[in-house]
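Got the viewer open and a selection box ready? Let's take a walk through this one, stop by stop.

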Amino acid sequence: MASLTIITRYRANAGSLGQHLGCALVIPAPLPRHWCRKRPWAEQRVREEQELSGRDAAVGRLKQQRGSDNRRPRHALLPPALRTMATSELLVFANWSTLLVCMVLKFPQIVAVVSARSARGISMNSLLLELTGFIVFLRYQNYYDYPIETYLEYPIIIAQDVVLLLLICHYSSSMKNAVPYLAVFAAGWYILTLQKWIIDLAMTCCTLISAASKFVQLQCLWQTKDSGQVSALTWSMACYTCATRIFTTLMTTRDMMVLVRFIIMLLLNLWVIVTVLRYRRTSKKTD
């Protein structure tokens with residue numbers, strides 16, 4: 001005969017009923033296999049218990065799987081190999097498309113200035129601040145040996161800004177001022193890496209410097225209420241490069257200072273575009 005023991009697992013109400021009656025109820029323990037084979041009703045009971053426990057386990061696994069799938073993003077449901085391949089291809093596309101766009105980033109602005117033989121609407125102070133921010137950012141990336149594909153476009157942009165600076169000085173009859181500007185930038189390139197704290201401090205201020213360059217350009221537009229020779233296409237391409245660099249920074253270095261800088265630059269570039277298009281429509285209506 002099977003041993004008897006108090007079981008609360010399968011008879012939850014038995015304990016409370018026993019206390020009410022003032023006695024202890026005893027429930028048969030799980031029946032041994034060799035005993036069940038001789039008694040069909042006992043074997044049926046064991047089979048039902050096994051089916052019930054198996055069903056409960058399956059339902060629990062299904063709920064857990066559904067819960068984890070809901071918490072994970074859709075791309076995480078892909079196999080790891082496909083996720084890695086897709087991310088790698090997007091990273092390569094972002095890097096090379098940014099480089100190609102930056103190769104002609106300032107060309108629309110340069111062409112507009114040369115065609116009009118005037119730098120009206122373009123702020124010299126904004127350009128100088130922008131150059132300063134680009135030089136600090138390039139030196140920072142180079143100093144910490146970041147992947148070259150994440151900042152390869154900056155030497156190209158700096159070269160185009162120098163050409164634009166010379167054109168502005170030429171058309172504003174202040175060519176003699178260009179030499180001191182270039183000398184200061186060349187000296188700053190070497191001073192930045194004399195001490196680690198210098199480059200770190202400069203990078204901290206870089207976002208403020210670059211943001212100031214956008215605000216100076218916006219102030220120039222607000223004062224003149226004329227977009228002049230400011231190229232909306234150049235600023236649009238700058239927005240694209242900022243957006244791609246946000247993605248590449250998240251996928252590679254994850255440097256928060258760099259990431260915050262690109263986000264702020266993206267928002268300010270969009271602001272400049274909206275302002276340029278607004279005053280351009282106003283000038284057309286006036287004409």
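Start by selecting C102: with a relative accessible area of 1%, this cysteine is buried. Keep in mind as you look around that this is a predicted model. C102 is in no disulfide, and the nearest cysteine sulfur, on C242, is 8.8 Å away. Now click on C242. It is buried too, at 8% relative accessibility. C242 is likewise in no disulfide; its nearest cysteine sulfur belongs to C239, 6.6 Å off. How many disulfides does the count come to? Zero.

**Zoom out: the whole chain**

Switch to cartoon. You should find 11 helices and two strands, and reading along the sequence gives β-α-β-α-α-α-α-α-α-α-α-α-α. Of the 287 residues in the chain, 38% are buried. Among contacts with a separation of 6 or more, 75% are between residues 24 or more positions apart.

Next, colour by pLDDT. The chain average is 77, and 69% of the residues score at least 70. Select residues 1–29: pLDDT is below 50 over this stretch, which has 19 contacts in the model beyond near neighbours in sequence. Then try residues 68–78, also below 50, with five such contacts. Where pLDDT is low, the predicted coordinates should not be read in detail.

**Into the core**

Hide those two stretches if you like, and show side chains for the largest nonpolar core, a set of 55 residues. Which members touch the most others? Pick F137, Y154, L165 and I168. To see where the core comes from, highlight the helices that give two or more residues to it: helix 4 (80–103), helix 5 (107–116), helix 6 (124–143), helix 7 (153–171), helix 8 (178–191), helix 9 (196–224), helix 10 (232–251) and helix 11 (256–286).

Centre on L165. Leaving out neighbours within four places in sequence, L165 is in contact with M124, L127, L128 and L131, and also with Y181 and L182.

**The rings**

Now select the aromatics. The whole structure holds nine aromatic pairs. One of them is F134 with Y154, edge-to-face, at 5.5 Å centre to centre with 70 degrees between the planes. F134 sits in helix 6 and Y154 in helix 7, 20 residues apart, so to speak a link between distant parts of the chain. Are these two buried or exposed? Both F134 and Y154 are buried.

Add F137 and F262 to the selection: ring pairs join F134, F137, Y154 and F262 into a cluster. Then bring in R261, which lies over the face of F137, 4.6 Å from the ring centre. The charged end of R261 also sits over the ring of F262, at 5.7 Å from its centre.

**Last stop: I135**

Stay in helix 6 and select I135. Its relative accessibility is 10%, so I135 counts as buried. What does I135 touch, not counting residues up to four places away in sequence? Look for I158, F185, W189 and L192. To finish, draw a distance from I135 to A186, C-alpha to C-alpha: the two are 51 residues apart in sequence and 9.4 Å apart in space.

Notes
Residues numbered from 1 in each chain as written. Predicted model: local features only at pLDDT ≥ 70, side-chain atom pairs only at ≥ 80, totals over all residues. Heavy atoms only, no water. Core = buried A, V, L, I, M, F, W, Y, C linked by side-chain atoms within 4.5 Å. Buried < 20%, exposed > 50% of the residue type's maximum accessible area, 1.4 Å probe, protein only. Helix = DSSP H or I, 4+ residues; strand = E, 2+ residues; numbered from the N terminus. Contact = heavy atoms within 4.5 Å. Phe/Tyr/Trp six-rings, centres within 6.5 Å; stacked < 30°, edge-to-face > 60°. Lys NZ or Arg CZ within 6 Å of the ring centre and 35° of its normal. Disulfide = S-S within 2.5 Å. pLDDT = per-residue confidence, 0-100.
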